[in-house]
Amino acid sequence: MSDSNPTYTYSKDIVVDDLLWESSDVYPGCECNPCTDTCPCACRSAHAVFECNQRCKCKLDCLHRAAQQPFSVNVERFDTGTHGFGLKTLQPIPAGAFVGTYVGEVLSLSDRRHHQQTDEVLGDTYLMVFQEHSQQGMQTTTVDARNFGNETRFINHSCTPNLLVKPVRERQLPRLGLFAMRDIAVGEELSFDYGAGGGSLSNVPCSCQSVECKGYMPRSEAAPA
């Protein structure tokens, strides 16, 4: 990924409007203290990724608060030579492991459209747009790492990625977590599908060099859950 804003502000967590965050419902807490891998509580769901929250009795360093912690995987930013900066791992990552939270500004719909226009002018994007289907309808979460972000802002798109995006919740508004789709070896570049395998393609050529490359980058519209 080319970096049109090399002076971005490093942030350990998502940057979100206080009103938006506080208006997002907090889920019921657990009674575990400390939490373990065998806790029977709702913070360990097999069907969705929920984390402990402010209503839980456990401490802030609880193992069920991974997405709320600063990025900790040993990685290195490097010049790919073909598609700008990338991020490679300096440690083995097992399949299914949580790698990190995609950190940036959480945007409203109107702000997202404004940021997309900026992307078109600058010719790159740091937008992650994630849609979920629920009984309440469609929920869209948009995070832009152009001005605020962590190491994950340098993760490139690939048509055959090694990371999967999942919403991780302590409340209704999720963080967007990156999980290993397979075992990832030391030295491998980290990547995820900017379109999550769905949506339309843009007119921007893709340079992921995968044997299954679609030829063009996904549009920054929505990655369906």
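Two residues are in contact when heavy atoms of theirs lie within 4.5 Å. The structure here is a predicted model. The exercises below use that idea.

**Exercise 1. Describe the chain as a whole: what share of its contacts with a separation of 6 or more joins residues 24 or more positions apart?**

Solution.
- Start with the contacts. Among those with a separation of 6 or more, 67% are between residues 24 or more positions apart.
- Next, list the elements. The chain has two helices and 16 strands.
- Then check burial. Of the 225 residues, 46% are buried.
- Last, take the surface. About 11900 Å² is exposed, and carbon and sulfur atoms supply 51% of that area.

**Exercise 2. Find the largest nonpolar core and say which residues touch the most other members.**

Solution.
- The largest nonpolar core holds 34 residues.
- Ile93, Val99, Tyr102, Leu163, Leu190 and Phe192 touch the most other members.
- Strands E7 (127-134), E11 (163-169) and E12 (175-180) are the elements that give two or more residues to this core.
- E12 gives the most, with three residues.
- Now look at Leu163. Beyond its neighbours within four places in sequence, Leu163 contacts Val99, Ile155, Leu178, Phe179, Ala180, Met181, Ile184, Leu190, Ser191 and Phe192.
- A second, separate core has eight residues, among them Cys35, Cys39, Cys56 and Cys58.

**Exercise 3. Place Ile93: is this residue buried or exposed?**

Solution.
- Locate the residue. Ile93 sits in the loop between strand E4 (85-89) and strand E5 (98-101).
- Apply the cut-off. Buried means under 20% relative accessible area.
- Ile93 has a relative accessible area of 6%, so Ile93 is buried.
- List the partners. Leaving out residues up to four places away in sequence, Ile93 touches Val73, Val99, Ala180, Arg182, Asp183, Ile184 and Leu190.
- Add a distance. Asn74 is 19 residues from Ile93 along the chain, and their C-alpha atoms are 10.0 Å apart.

**Exercise 4. Repeat the steps for Ser11: which residues does Ser11 touch?**

Solution.
- Ser11 is in the loop between strand E1 (9-10) and helix H1 (18-22).
- Its relative accessibility is 12%, so Ser11 counts as buried.
- Not counting residues up to four places away in sequence, Ser11 touches Val103, Gly149 and Asn150.

**Exercise 5. Explain why Cys159 and Cys208 do not form a disulfide.**

Solution.
- Recall the cut-off. A disulfide needs two cysteine sulfur atoms within 2.5 Å.
- Find the closest sulfur. For Cys159 that is the sulfur of Cys208, at 3.9 Å.
- Compare. The distance of 3.9 Å is too far, so there is no bond.
- Widen the search. The whole structure has zero disulfides.
- Check the surroundings. Cys159 is buried, at a relative accessible area of 10%. Cys62 is also buried, at 9%.

**Exercise 6. Test the length of helix H2, then sort its sides: which residues of H2 are buried?**

Solution.
- H2 covers residues 109-122, which is 14 residues.
- At 1.5 Å a residue, the expected span is 20 Å. The end C-alpha atoms are 20 Å apart, so the two values agree.
- Arg112, His115, Gln116 and Asp119 are buried in H2.
- These residues cover an arc of only 110 degrees around the axis, so they lie on the same side of H2.
- The general rule helps here. An α-helix has 3.6 residues a turn, so residues three or four places apart point the same way.
- Turn to the face away from the buried side. That face carries the exposed residues Ser110, Gln117, Glu120 and Val121.
- Finish at the end of the helix. Gly123 follows H2 and has a positive phi, near 80 degrees.

Key
Residues are numbered from 1 along each chain as its sequence is written. This is a predicted model: local features need pLDDT of at least 70, side-chain atom pairs count only at pLDDT 80 or more; totals for chains, interfaces and linings use all residues. Side-chain values use heavy atoms; hydrogens and water are left out. Helices (H or I, at least four residues) and strands (E, at least two) are DSSP runs, numbered from the N terminus. Buried means under 20% relative accessible area, exposed over 50%, partly exposed in between (1.4 Å probe, protein chains only). Accessible areas come from the Shrake-Rupley method with a 1.4 Å probe; for residues, only the protein chains shown count as cover. A nonpolar core is a set of buried Ala, Val, Leu, Ile, Met, Phe, Trp, Tyr and Cys residues joined through side-chain atoms within 4.5 Å. The expected span of a helix is 1.5 Å times one less than its number of residues. The arc is that of the directions from the helix axis to the C-beta atoms.
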